[in-house]
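I opened the notebook on this chain today. My plan was to look up strand pairing, then overall make-up, then pockets.

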Amino acid sequence: MSAPSQPPSSDAFKHAIELTKSIIPPVHPGGRPFVFGALAATLLIRRRSRRVGVLSAVFTAWLTWFFREPKRVTPQRPGIAVAPADGTVSHVIEAVPPAELELGDDPMLRISVFLSVFDVHVQRSPATGQVVRAIHKDGEFLSADLDAASEVNERNSLHIHTVDGHDLAVVQIAGLVARRIICQVADGDKVNAGTTYGLIRFGSRVDLYVPTGSRVLVEAGQRTIGGETVLAELPAAER
């Protein structure tokens, strides 16, 4: 007579949970109210109509996917700036950083990344350092892929002084359907390269300003992975 089968060990159960977490990324806190609200609505709608309930469930699943916050492996070598967002490089030009950051009138190299509704919408710090200034500015809601969006759209701007002595600016820019920019850091906060610091809801753009003399490693049309793709090698700087 064979021995009765044994229940899975706690180690196996924990391994299964960790495996699931590695496949299904968590939802950013800024998106949870939308996901929970859509889930509650789906449960109510399903009682009245299964067909509409299925559509609502698909929409809820899309929201969960949209607000995902996947883990990323960030390069640790010094003197680099990584992509602050997933998306497509739309511009690489010289431009003066937002006036509210008080970084002066000299142009810096601006790398703009456009986020479609299919991209991960969390923003990540491009380098390790300290937030010197974090400022939100109201504005318009032009299509985020337009160059003018950097100047006139609603935005949240960060000035980061890196541990290597560089001054960077990273700007969250609202788009046509984006109506909320979330920034989780403030003046004086420490940030680590690749860690999440904010979220833009539904279609947007993120601009990264690096010092002139930096070696930009991407071109317009190239895809970026937030926290992983190296956008630029920065020039030597004093601390």
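**Strand pairing**

I started with β12 and β14 (residues 230-233), which run antiparallel and are joined by 2 bridges. This is a predicted model, so I read every entry below as a computed value. I then looked for a facing pair and found V216 opposite A232 in β14.

Next I asked in which order the strands of the open sheet lie. The order is β1-β14-β12, 3 strands with antiparallel pairing. Why is one side of β1 and of β12 left without a neighbour in the sheet? Both β1 (80-82) and β12 (215-216) stand at the edges and have a single partner strand each, so one side of each stays unpaired in the sheet.

**Whole chain**

I counted elements next: the chain has 4 helices and 14 strands. It holds 239 residues, and 44% of them count as buried. I looked up the exposed area too. The chain exposes about 12700 Å², with 58% of that supplied by carbon and sulfur atoms.

Then I checked sequence separation in the contacts. I took those between residues at least 6 apart in sequence; 73% of them join residues at least 24 apart.

**Largest pocket**

I went last to the largest pocket, which has about 180 Å³ of space. Its lining has 16 residues, and R77, P78, I80, T128 and D164 are the closest to its centre. How does the lining divide into nonpolar, polar and charged residues? I noted 9 nonpolar, 5 polar and 2 charged.

Notes: Residues are numbered from 1 along each chain as its sequence is written. This is a predicted model: local features need pLDDT of at least 70, side-chain atom pairs count only at pLDDT 80 or more; totals for chains, interfaces and linings use all residues. Side-chain values use heavy atoms; hydrogens and water are left out. On a 1 Å grid over the protein atoms alone, a cavity is a set of points where a 1.4 Å probe fits but cannot get out, and a pocket is an open set with protein on both sides within 12 Å along at least five of seven lines; lining residues have an atom within 4 Å of a point. Grid points are joined across faces, edges and corners, and a volume is the space filled by probe spheres set on the points. Ala, Val, Leu, Ile, Met, Phe, Trp, Tyr, Cys and Pro count as nonpolar, Asp, Glu, Lys and Arg as charged, and the others, Gly among them, as polar. Buried means under 20% relative accessible area, exposed over 50%, partly exposed in between (1.4 Å probe, protein chains only). Contact means heavy atoms within 4.5 Å. Accessible areas come from the Shrake-Rupley method with a 1.4 Å probe; for residues, only the protein chains shown count as cover. Two strands pair if DSSP finds at least two bridges between them.
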